[in-house]
Amino acid sequence: MKPLDDWIADLFAGAQPRCIVFRVDAGRKPGLSFGHLSRCLVLAQAARRRFGAHSVFLMRGYAEGVAHAENHNAKVSVVVGDEVECILRVLKEHGGDWLVHDLPYGDFDERVFQACRERGVKTIFVDDARFRTPGVDVLLNSSILARERVEAREGVRMLLGPDFFPLGPDDGKMAPQTPWKRTVLLTFGGSDPTGLSVKSVANLAKRKWVGIGFQVMLGPGFEEGNTVKGLVEDRDDFMILENVAAPFEYFRCADLVVCAGGRTMYELAALDIPFIAVASARHEQEPVRAFVEQGLALFGFANFNGHGFVAAVDTVLNGDIK
C-alpha cells in the first residue's frame with residue numbers, strides 16, 4: 001500500500017481543493033457502522049495537511065455518528081430535506097469546490113454529480129463494495145477486488161486497489177504493556193452490528209488460556225458492552241477497551257488481531273500485523289476470502305463458526321503458523 005501523502009494529489013486530479021464537503025454517514029444502523037466516516041476523516045486530515053483545505057461533513061442526524069465526527073474536530077452539517085438539494089445548498093454555503101460522496105447504500109441519486117458539474121464542483125465517489133462507476137471526476141475504490149470488478153468509464157480518473165487505501169497517520173507509539181506473554185486483540189468496528197464481539201468472547205471464554213490474554217476493543221456505537229463484560233467479569237485473561245482513540249497503538253502490541261472484514265483488514269495488512277478476519281456482512285465475504293488466498297490474513301471466516309474460530313486462534317498461538 002502506498003502512503004496516502006504519495007497519492008492525495010491524484011485523488012484531487014492534480015487540483016488544489018479549498019473546501020471539501022464530505023457526504024458520509026455513521027451510526028448504529030443496519031448496513032452502516034463507522035468505517036466510511038473514519039475513511040473520510042483520514043482524507044480530510046490529509047487534504048488539510050497537504051493543501052490547507054478545510055472540510056464540512058454533511059451527515060444524517062444519527063447522534064452517535066455525528067458525535068464521533070465532532071469528537072474528531074470535524075465541522076458537521078446535518079442533512080435536512082431533499083438529499084440533492086441539501087448537498088448543493090451546503091456546497092454553496094461553505095464555498096465547497098469538491099464533493100466526496102462516501103455512502104454504503106445501494107441506491108443513491110446520481111443526479112447530484114451532474115448538478116455539481118454544472119456548478120463547477122468536482123466530485124469524488126468512494127466505494128469498496130458496489131463496484132459502480134457513476135459520472136464523477138474521480139473514483140476511489142481501494143478494495144482488494146476493485147481492479148477486477150470495476151469497469152472503466154470515459155472521463156473518470158480511477159484509483160483502484162489496496163495501493164490507494166487511505167491509511168491514517170501512525171505515530172509509532174505503543175499501547176501499555178499487557179500482563180500476558182501473548183496478547184490477542186479483538187476488534188469488530190465502531191458498532192459491530194452483527195454481534196461478533198459477543199460471539200467471539202463467549203466462545204473464547206469457554207476455556208482457560210495459559211499465558212495468553214485477550215483485549216476486546218469496543219467501538220463508540222457498540223450497544224452490548226455490558227453483555228461482553230458480563231461474560232468475562234471474573235476472568236483475568238480478558239481486558240475490555242472502550243472508545244480507543246489510537247487503535248494502531250494496540251494493533252502494534254498484539255501478537256494476533258481478530259477483526260471484521262472491513263477497513264481494519266487493510267490497516268493490519270499495511271502495518272504487517274498477523275490477523276484473522278471474520279466477515280460481518282455479506283459484502284465482506286469475498287474480500288475476506290481474497291485476503292486469505294493472497295496470504296494477507298492467516299484465517300478467514302465468511303460466517304462466524306465458534307468451534308472453527310477458537311481452533312484458528314489456537315492454531316496461530318500454539319501451532320505451526322507464525
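## Local features of a predicted model

Aspartate 102 is found in strand 4, which spans residues 98-102. The model is a predicted one. The relative accessible area of aspartate 102 is 0%, under the 20% limit, so the residue is buried. The side chain of aspartate 102 takes part in polar contacts with two side chains: that of histidine 36, at 2.7 Å, and that of arginine 39, at 2.8 Å. Both partners recur in the wider set of contacts of aspartate 102, which leaves aside neighbours within four places in sequence and consists of Arg23, Val24, Asp25, His36, Arg39, Cys40 and Val126.

A second buried residue is cysteine 259, in strand 11 (residues 256-260). Cysteine 259 has a relative accessibility of 0% and therefore counts as buried. With neighbours within four places in sequence left aside, the residues in contact with cysteine 259 are Thr187, Phe188, Thr264, Met265, Leu268, Phe275, Ile276, Ala277 and Val278. Leucine 11 lies 248 residues from cysteine 259 along the chain, and the C-alpha atoms of the two are separated by 28 Å.

Two helix pairs are described next. Helix 4 (residues 83-94) packs with helix 5 (residues 111-118) at an angle of about 30°, and their axes are 10 Å apart. Angles under 35 degrees count as roughly parallel, and helix 4 and helix 5 are therefore roughly parallel to each other. The crossing of helix 4 past helix 5 is right-handed. On the helix 4 side the contact is made by Val84, Ile87, Leu88 and Leu91, and on the helix 5 side by Arg111, Val112, Ala115 and Cys116. Seven of these residues are nonpolar, none is polar and one is charged.

Helix 7 (residues 196-204) and helix 12 (residues 306-318) pack at about 70°, with their axes 10 Å apart. This angle makes helix 7 roughly perpendicular to helix 12, the range for that class being 65 to 115 degrees. Helix 7 also passes helix 12 in a right-handed crossing. From helix 7, Ser200, Asn203 and Leu204 meet Gly306, His307, Phe309, Val310 and Val313 of helix 12. The residues of this contact divide into four nonpolar and four polar, with no charged residue.

Backbone geometry is the last topic. Most residues other than glycine have a negative phi. Alanine 13 has a positive phi, near 55°, and aspartate 272 likewise has a positive value, near 60°. The table lists both residues with their loops and accessibility.

| Residue | Phi | Loop | Relative accessibility |
|---|---|---|---|
| Alanine 13 | near 55° | between helix 1 (4-11) and strand 1 (19-24) | 34%, partly exposed |
| Aspartate 272 | near 60° | between helix 10 (263-271) and strand 12 (275-278) | 69%, exposed |

Which residue lies in the loop between helix 1 and strand 1? Alanine 13 has that place, and its 34% relative accessibility makes it partly exposed. Aspartate 272 is in the loop between helix 10 and strand 12. At 69% relative accessibility, aspartate 272 is over the 50% limit and so counts as exposed.

Methods: Residues numbered from 1 in each chain as written. Predicted model: local features only at pLDDT ≥ 70, side-chain atom pairs only at ≥ 80, totals over all residues. Heavy atoms only, no water. Axes fitted to C-alpha atoms, helices over the stretch in contact; angles between N-to-C directions. Helix = DSSP H or I, 4+ residues; strand = E, 2+ residues; numbered from the N terminus. Parallel < 35°, antiparallel > 145°, perpendicular 65-115°, else oblique. Left-handed = near helix turned anticlockwise from the far one by under 90°. Contact = heavy atoms within 4.5 Å. Nonpolar A, V, L, I, M, F, W, Y, C, P; charged D, E, K, R; others polar. Buried < 20%, exposed > 50% of the residue type's maximum accessible area, 1.4 Å probe, protein only. Polar contact = N/O pair within 3.5 Å; in protein donor to acceptor, adjacent residues only side chain to side chain.
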